[in-house]
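User: I would like a close look at one part of this model, set out as a single connected account. Please explain the terms as they arise.

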Amino acid sequence: MDLSIVDLAPIPEGGSATEAFDGTVERARQAERLGYSRFWVAEHHDFAQSIASTTPEALIPHVAAKTDEIRVGSGTVLLNHYSPYKVAETFSVLDALAPGRIDLGLGRATGNPTRDYALQVDRSERRRGGSDHREKIDEVAKHLFGGFEPDHPFSGLDLPRARDTAPEPWVLGSSPSSAKIAGELGLPYCFAAFIRPEPAVRAFEVYREHFQPSPYGAGPDEPHGMLAVNATCAETDEEAARLRATTEASSRLLRSGQMDKLPIRSVEEAIDVLGDVPEPTRLPIEPGEWPRAISGSPETMQAVLEELTAQVGVDEVIIQNQIADPEDTLRSHELLADAVGLSAR
């Protein structure tokens, strides 16, 4: 099993975005040493007091410059806010700066209406529903891989490029509809089980049912998928469940609209919100009944990840977490690497 990480650049208590990015680099360097395959940075705009990862296109080159081999990318670029050509141009530059190491995760999301409005290019036509999402992904890929027909007005547009490489585009989503887009366009697909875990199995079925190789070589010849999970690992199942409390409490506050109580800075604060320590993750986990967050000892996490990946038919997992203590986060990543037998670089 291959493991990767998607990072939120959490802002430490009393710190700033500068300290948050220092932490991101520390986790990226550790991930590279441990043998993780990819290190992605998220795009979030609604949690400025707690999450600094708003601009993956700015953070990616910083992380790539501080590491040597690990692939670095976006998890995700919110394409509903941006021009496909500008996204392609930006990531082509990133690939020229770090040839063969750049991933371009493409997704969509809406959040705070004021921030969504501020991000819009054309404020007279706000595509809140994302009805053009498939077309925009296709346009990005065509810019990167020369997929426009000769008579298309965009066929003559050039990008600054590396000599022999291009960014690897991925479709990111949490529904069968995003899986269908990935399959029809022949692109790799990453399913965000930490957002909406219930349709995971069906989403990958849809992806494979609709997969057809990209006619201009933008993706693999066969379906290639990755599962994104919120995962916490510690020495024991009980300690891992205790650390998972910050994830569970944050999710509860978000779902109940109590964003003013975020961020949660400690396990103790999280347990106060929940009223108790979360139960450890137990097998079996039935299809359609996946939890949003999983936890356990290395032995438990090995079994859980093998169970989930077997259900969806992938062998690559990307890990997100919201562990309160940065040292516990680093330890979790170390134990997960041991659990699945990653080979250290």
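Which residue is the bridge partner of Ala-228 in β9?

Analyst: The bridge partner of Ala-228 in β9 is Ile-318. The model is predicted, so local features need pLDDT of at least 70 and side-chain atom pairs count only at pLDDT 80 or more, while totals for chains, interfaces and linings use all residues. Residues are numbered from 1 along each chain as its sequence is written, and side-chain values use heavy atoms, with hydrogens and water left out.

Strand β9 covers residues 316-320; helices (H or I, at least four residues) and strands (E, at least two) are DSSP runs numbered from the N terminus. Two strands count as paired if DSSP finds at least two bridges between them. Strand β7 (residues 225-233) pairs with β9 in the parallel sense over four bridges. Strand β1 (residues 2-7) also runs parallel to β9 and is joined to β9 by four bridges, with Ile-319 of β9 as the bridge partner of Ile-5.

Five of the five residues of β9 are buried, where buried means under 20% relative accessible area, exposed over 50%, and partly exposed in between (1.4 Å probe, protein chains only). Glu-316, Ile-318 and Gln-320 point one way from the strand, whereas Val-317 and Ile-319 point the other way.

Strand β7 leads on to the interior spaces of the model. A cavity is a set of points, on a 1 Å grid over the protein atoms alone, where a 1.4 Å probe fits but cannot get out; lining residues have an atom within 4 Å of a point. Grid points are joined across faces, edges and corners, and a volume is the space filled by probe spheres set on the points. The structure holds two cavities of 30 Å³ or more, and the largest has a volume of about 50 Å³. Its lining includes Val-229, Asn-230, Trp-290 and Leu-308. The elements that give two or more residues to this lining are β7 and β8 (293-296).

Val-229 and Trp-290 also belong to the largest nonpolar core, where they are among the residues that touch the most other members of its 67. Such a core is a set of buried Ala, Val, Leu, Ile, Met, Phe, Trp, Tyr and Cys residues joined through side-chain atoms within 4.5 Å. The largest share of this core, six residues, comes from helix α7 (residues 200-210).

Finally, Ser-332 lies in helix α12 (residues 326-340) and is buried, with a relative accessible area of 0%. Leaving aside neighbours within four places in sequence, Ser-332 is in contact (heavy atoms within 4.5 Å) with Ala-231, Thr-232, Cys-233 and Ile-323.

Technical notes:
1 Å grid on protein atoms, 1.4 Å probe; cavity = no way out; pocket = protein on both sides within 12 Å on 5 of 7 lines; lining within 4 Å.
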